[in-house]
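Open the model in your viewer and show the side chains. This tour moves from one selection to the next.

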Amino acid sequence: MKLLVRVIEARNLPPLDANGLCDPYVKLQLGKQKFKSKVIKKCLYPSWCEEFTFKVEDLKEELIVTVLDEDKYFNDDFVGQIKLPVGQVFEARDSSLGTSWYTLQPKNKKAKNKDCGEILLTICFTQTNALLDLPSAGDPVSFPQRHGDTASEVSSRASPTRSEEAATSKEEKLNAHTLASRIAKIFNKNADSPSSSSAEAPDEQDSQEGVDSVVPHHNSQEQEASSVDFEELVKNMEMRDQGGDAPSSLSGGVVLDQLYAITPQELNSMLFSSDSNFAKSLSDMQGSTDLQIGPWRSENNGESLKRMISYTKAASKLVKALKAMEEQIYLKADGKNFAVLSSVSTPDAPYGKTFKSEVLYCITPGPEQPSGELSSRLEVSWRINFLQSTMMKGMIEGGARQGIKESFEHYEKLLSQKVKPLDLKDAGSERDHLLASLHGEQQSDWRLAVQYLANCTVVSTILMALYVLIHIWLSTPSKIQGLEFNGLDLPDSIGELIVSGVLALQGKRALEIVSRFMQARGQKGTDHGIKARGDGWLLTVALIEGSSLAAVDPSGFSDPYVVFTCNGQTRASSIKFQNSDPRWNEIFEFDAMDEPPSVLDVEVFDFEGPFDEATSLGRAEINFLKSNISNLSDVWIPLQGKLAQACQSKLHLRIFLNNNKGCNVVKDYITKMEKEVGKKQIKMRSPQTNSTFQKLFGLPPEEFLINDFACHLKRKMPLQGRMFLSARILGFHADLFGHKTKFFFLWEDVEDIRVIPPTLSSMGSPIIIITLWPGRGLDARHGAKRQDEQGRLKYNFQSFVSFNKAYKTIMALWKARALTPEQKVQMIEEESEATGDPVSEEDLVAKTSNRHEYESEAKSSEEGASFLELEDVNMSVVYASILSVPTSFFMELFRGSEIDRRVMERAGCLDYSHSPWEESEKPEVYQRQLYYKFDKSISRYAGEVTSTQQKSRLPGRNGWLVEEVMTLHGIPLGEYFTLHLRYQAEDLPARSVGCSIQVLFGISWLKNSRQRKRIGKNIVKNLQARLKVMCGVLEKEYVSGA
């Protein structure tokens, strides 16, 4: 027998964290079987909607459901628990307790908090029936077969993990050891404590023994245990901490004092955790070899930690390569402050046995960032600890000072690449205070109207109109003569005709001015104040003012507004009327970008009306690769263009570019590109290589090298050199006989990339021709083979050692950076047609007939004539379960009721709407249409869904069959496939209340794609999560309704 427990949600949980919330999760145990739910952050009313299955062997066992509050750095807090005998479930009606609220009980009667909240559970025995054991009809994309749960959950439930038991026993032993040591401390007051001198200058023999234990003697199991136990060892040390201040800086001086956008705990783990690769990366950057890192070991009954590191230092101009031994000791760890003393000995150096170099790392909490996030301060100081007196003390200290300075320059550079450094005085506070001090000019419409309309044309028109009105009032009607009649008074002389024409023209000009002003006021909207969304590279632009903008209006002024464009995103300022020196004081934020932007385009326009083409007053391009971002925090940008250069127009901008994504930007990008190119094609380069690449082309620190290839640049004569590829640029460098050739251009500058078959001049290698957009890449024109009539530069690269690898990488980087989704899909289609296998006549006829069948089916579906048949789509089971609700209530999901709407909204469907059920051509078969949008939590593209559902009774059984065809819009490759679902809901004959649910899923591919398997797995994973949420919410609605 199997016991099914569905954890739906909890309510009224007590706040256990300092912020008045908690991070709850659920642990379930039956005998030796243990499971754990996901953690819901900062919530007192969490919703899990997870299922767990236990194998029941003894009805006397108890099911224990415990709610805990996760604590990252300390033991998790107990919230409450319930204990339920399995026999009670078995003896209940239908062997099910249904869906009910259970009151959580405290750990013991002495607990202060008696009110522990409630938890909503569904508990029942699952019965082996035909519905849950149905074989899948097919599995075209390797969908996981699910019987009650996902495949991963079933495998985990079939053999409960023992790691959690081992962790529990280890934690108990650690706590017991901690308690025993504390009791021993109380009675053994005369215990010897380690002296400070021994900590500062440990015996060389002990150090050597520690190093020997590091190198060959410990096995891999000990290394794995040390990496796992590091957090526990630090926690144990935090528990023993008795307060006190962090150690003061060492006498040699401070070599690093920097704030970083990371919490102290995370920075400590990054620098000193056994499973961190920081030490390895630093060793590679400094050129050290033979790095051996020992495990952390508890010292002095857990009051400190110690480990040994050995390596061979790279040779310098003065000293050969040396064997170094480093001992690291934790002096303090209280959860917020960490202090590690590192003592390095180099006995093979001149006078190396007379001294040790000591470095103290102090990690303390930094000031809170303007965004509210925490920061850390890392201070590194040093000194030389002389073990023996020597006359060469001054020389040793001078050499050590220079060596430590160079070493920690590499250290700081590497750490800045992994963690964002902060300068709150210049970057954070200044930026926020600067932007907060900007206030847009708020002018009333009446004041702007006076400023805009107070000109000679409008004023003279008003005076002339008053003059004519007074004349009409004073004069008497003239008699009808000539061709006049009642209501038509024509000019009686040439003078009157001229005056009438002047009045008409003057009135027309005045009306045009007033109409233009009114239209401009109707379109005075601006993107000022729109906040950026997402995590990544955030670009903030503050538009302060303009100077000497060109006047194109007859009035001698202009109506300027500014448009900013970056990575396809556009932001527009407000219109400033009749002003050549406008002041905006507006702030524009661009949504987060995965990669740092290359170029910000700025263009100033003169407003001519909603239907007239705006006149450009000047434009500018800000290249982030050629500009230091710190210099852009307050800058005047000269505008380009005939009008702007004639008037020497300028814009005053303040530009800030920040990364709030953390230290894994490079790794995330490499992982993403590996999916496009292949894992063997791209690998992460060392910090030293990236530094050389940045210096070679004068690039900012955030630029990193993707790959480089040896090739020839074809101009008049082939030039042998090397091509460098990064996320934003393609560069080339050659040094032939002392003559250097170097250039680079942006991926956004590339218009087209073509391949020419091998020729004799290319030495049997295909030629890659890269064409830039007109007027782009002019700084790199000395590397172009030619420039065509349209001003486009063309670059020829040939003789690649590995052409396929180079071409694949170039195309992937170009597509990722410069192409729109439509262009990418079009290029994929063209490549599949160009590189496709020869198609026989029979295959072509088959494909054509299939296409016509699909088109006819789609057309009939749109017209509502018949539903798309599902027999041709391979369907597989993706979800099967037993719900404690009747089938009639489950069908509320498909009736268009209020329950249907609430469940779909909870599952992440926005703007949910549907048509009423209508009977189709088939008898007793009903059909309806659905439309909704995905929430960003479901799909980051926030696509739209149009769906057709068809429902009918199960033949010969008390249940329903619902079939659905879904089409996704607004997501990449969404037009390549349609999704097919089949819901089967049937009453359980052995239960009075309950139904069995089975959901089958399949994909109908309309176009061929190499990513079919990956897309299918992603859709199935998302679908299973949504189905769990829907069933959990449905059971909750049934309980609340009952």
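Select F890 first. Setting aside neighbours within four places in sequence, F890 is in contact with L883, V885, A985, C995, I997 and L1034. Show those side chains too. Keep in mind that this is a predicted model.

Now widen the selection. F890 belongs to the largest nonpolar core, which has 46 residues. Which residues have the most contacts inside this core? They are F890, F977 and F1001. Colour helix α22 next. The largest share of this core, nine residues, comes from α22.

Apart from this core lies another one, of 38 residues. To find it, select V677, L713, M723 and A780, which are among its members.

**Stop two: α21 and α22**

Return to α22, residues 1012-1041, and add helix α21, residues 898-906. Look along both axes. They come within 9 Å and cross at roughly 140°. Are the two helices oblique or roughly antiparallel? Angles over 145 degrees would count as roughly antiparallel, so α21 and α22 are oblique to each other. Their crossing is right-handed.

Now show the residues that make the contact. On the α21 side, pick I899, R902, V903, M904 and R906. On the α22 side, pick R1026, V1029, M1030, V1033, L1034 and E1037. Colour these residues by class. Seven are nonpolar, four are charged and none is polar. L1034 should look familiar: this α22 residue is also in contact with F890.

**Stop three: α8 and α9**

Move to helix α8, residues 278-286. Which of its residues are buried? Select F278, S281, L282, S283 and M285 to see them. Then step just past the helix. G287 follows α8, and its phi is positive, near 80°.

Add helix α9, residues 393-418. The axes of α8 and α9 come within 10 Å and cross at roughly 130°. That angle makes α8 oblique to α9. The crossing is right-handed.

Finish with the side chains between these two helices. From α8, show F278, S281, L282, M285 and Q286. They meet S407, H410, Y411, L414, L415 and K418 of α9. Colour by class once more. This contact has six nonpolar residues, four polar ones and one charged. F278, S281, L282 and M285 now appear twice on the tour: they are buried, and they take part in the contact with α9.

Conventions. Residues numbered from 1 in each chain as written. Predicted model: local features only at pLDDT ≥ 70, side-chain atom pairs only at ≥ 80, totals over all residues. Heavy atoms only, no water. Buried < 20%, exposed > 50% of the residue type's maximum accessible area, 1.4 Å probe, protein only. Helix = DSSP H or I, 4+ residues; strand = E, 2+ residues; numbered from the N terminus. Axes fitted to C-alpha atoms, helices over the stretch in contact; angles between N-to-C directions. Parallel < 35°, antiparallel > 145°, perpendicular 65-115°, else oblique. Left-handed = near helix turned anticlockwise from the far one by under 90°. Contact = heavy atoms within 4.5 Å. Nonpolar A, V, L, I, M, F, W, Y, C, P; charged D, E, K, R; others polar. Core = buried A, V, L, I, M, F, W, Y, C linked by side-chain atoms within 4.5 Å.
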